[in-house]
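Here are my notes for anyone opening this structure without having seen it before. Have it on screen and go through the points in order.

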Amino acid sequence: MPLAKVIESLDEETRQQAARLHREFESATGNSVTVRVEGPMIGILRDATAMMEKVAGFAMAALADELTPEQAGKILGISRPLVVRRMDDGRLPFRYEGAHRRCKLVDVLKLKAAEEQQQNTLRELAEMDEVDYQPTPRF
């Protein structure tokens with residue numbers, strides 16, 4: 001199960017265990033700490049550390065956190081003006097905070113997944129077309 005889905009569906013007991021772990025980490029001094037981890041927290045920490053090993057950049061945030069268009073653009077891999085365009089055409093829900101736009105992290109991640117799926121589908125279609133395509137010579 002993807003980490004985002006695991007985190008999204010935490011029960012109260014797991015949240016309480018996470019709070020205990022947080023307090024232990026907060027009170028830790030020095031460069032190491034020993035903690036006892038039980039239940040679903042083991043899987044969450046294992047998935048998080050696996051992600052940290054595999055990718056150069058790693059961020060952890062609440063799905064309800066709000067982002068600026070610039071921050072959303074970094075996640076989506078596009079420029080701020082393209083994020084604003086997606087907001088204006090309705091693909092990315094947003095709200096105004098004064099004159100500034102804000103969007104939720106969960107909405108940015110949903111848009112990223114949808115755009116990646118669309119790209120994969122287009123790539124598969126292009127590959128299918130390449131296999132069967134035989135141009136006829138023109139004389």
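1. A term to start with: a residue is called buried under 20% relative accessible area, exposed over 50%, and partly exposed in between. By that scale Tyr96, at 47% relative accessibility, counts as partly exposed because its value falls between the two cut-offs. Keep in mind throughout that you are looking at a predicted model.

2. Now the overall layout. The chain holds six helices and three strands. Reading from the N terminus, the order is α-α-α-β-α-α-β-β-α, so if you like to trace a chain by eye, that string is your map.

3. How much of the chain is tucked away? Of its 139 residues, 19% count as buried. The accessible surface comes to about 10900 Å², and carbon and sulfur atoms account for 53% of that. As for contacts between residues at least 6 apart in sequence, 52% of them join residues at least 24 apart.

4. Have a look at helix H2 (residues 12-27) and helix H3 (residues 40-54). Their axes come within 10 Å and cross at roughly 60°, and H2 passes H3 in a right-handed crossing. On the H2 side the contact is made by Thr14, Gln17, Ala18 and Leu21, while H3 brings Pro40, Met41, Ile44 and Leu45. Sorted by class, that gives six nonpolar and two polar residues, with no charged ones.

5. Stay in that area for the loop between H2 and H3, where you'll find Val35. Is Val35 buried or partly exposed? With a relative accessible area of 25%, Val35 is partly exposed, because that value is not under the 20% cut-off for buried. Setting aside residues up to four places away in sequence, Val35 touches Leu21, Glu24 and Phe25. Val35 and Phe25 sit ten residues apart in sequence, and their C-alpha atoms are 8.4 Å apart in space. Leu21 may ring a bell: it is one of the H2 residues in the contact with H3.

6. Next stop, Met87 in helix H5 (residues 80-88). Met87 has a relative accessible area of 3%, so it counts as buried. Which residues does Met87 touch, not counting those up to four places away in sequence? The answer is Pro69, Leu92, Phe94, Arg101 and Cys103. Pro69 is 18 residues from Met87 along the chain, with 9.0 Å between the C-alpha atoms.

7. Phe94, one of the residues that Met87 touches, also belongs to an aromatic pair. A search of the whole structure finds one such pair: Phe94 with Tyr96, edge-to-face, 5.4 Å centre to centre and with 80° between the planes. Why edge-to-face? Because the planes are 80° apart, and the label applies over 60 degrees. Phe94 is partly exposed at 29% relative accessibility, and Tyr96 is partly exposed as well, at 47%.

8. Finally, pick out Glu115 in helix H6 (residues 105-132). At 16% relative accessibility, Glu115 counts as buried, because the value is under the 20% cut-off. Leaving aside neighbours within four places in sequence, Glu115 is in contact with Arg86 and Arg91. It's worth showing those three side chains together when you go back to the model.

Definitions and conventions. Residues are numbered from 1 along each chain as its sequence is written. This is a predicted model: local features need pLDDT of at least 70, side-chain atom pairs count only at pLDDT 80 or more; totals for chains, interfaces and linings use all residues. Side-chain values use heavy atoms; hydrogens and water are left out. Rings of Phe, Tyr and Trp (its six-membered ring) pair if their centres lie within 6.5 Å; planes under 30 degrees apart count as stacked, over 60 as edge-to-face and the rest as tilted. Buried means under 20% relative accessible area, exposed over 50%, partly exposed in between (1.4 Å probe, protein chains only). Axes are lines fitted to C-alpha atoms, for helices over the stretch in contact, and angles run from 0 to 180 degrees between N-to-C directions. Helices (H or I, at least four residues) and strands (E, at least two) are DSSP runs, numbered from the N terminus. A crossing is left-handed if the near helix is turned anticlockwise from the far one by less than a right angle, and right-handed if clockwise. Contact means heavy atoms within 4.5 Å. Ala, Val, Leu, Ile, Met, Phe, Trp, Tyr, Cys and Pro count as nonpolar, Asp, Glu, Lys and Arg as charged, and the others, Gly among them, as polar. Accessible areas come from the Shrake-Rupley method with a 1.4 Å probe; for residues, only the protein chains shown count as cover.
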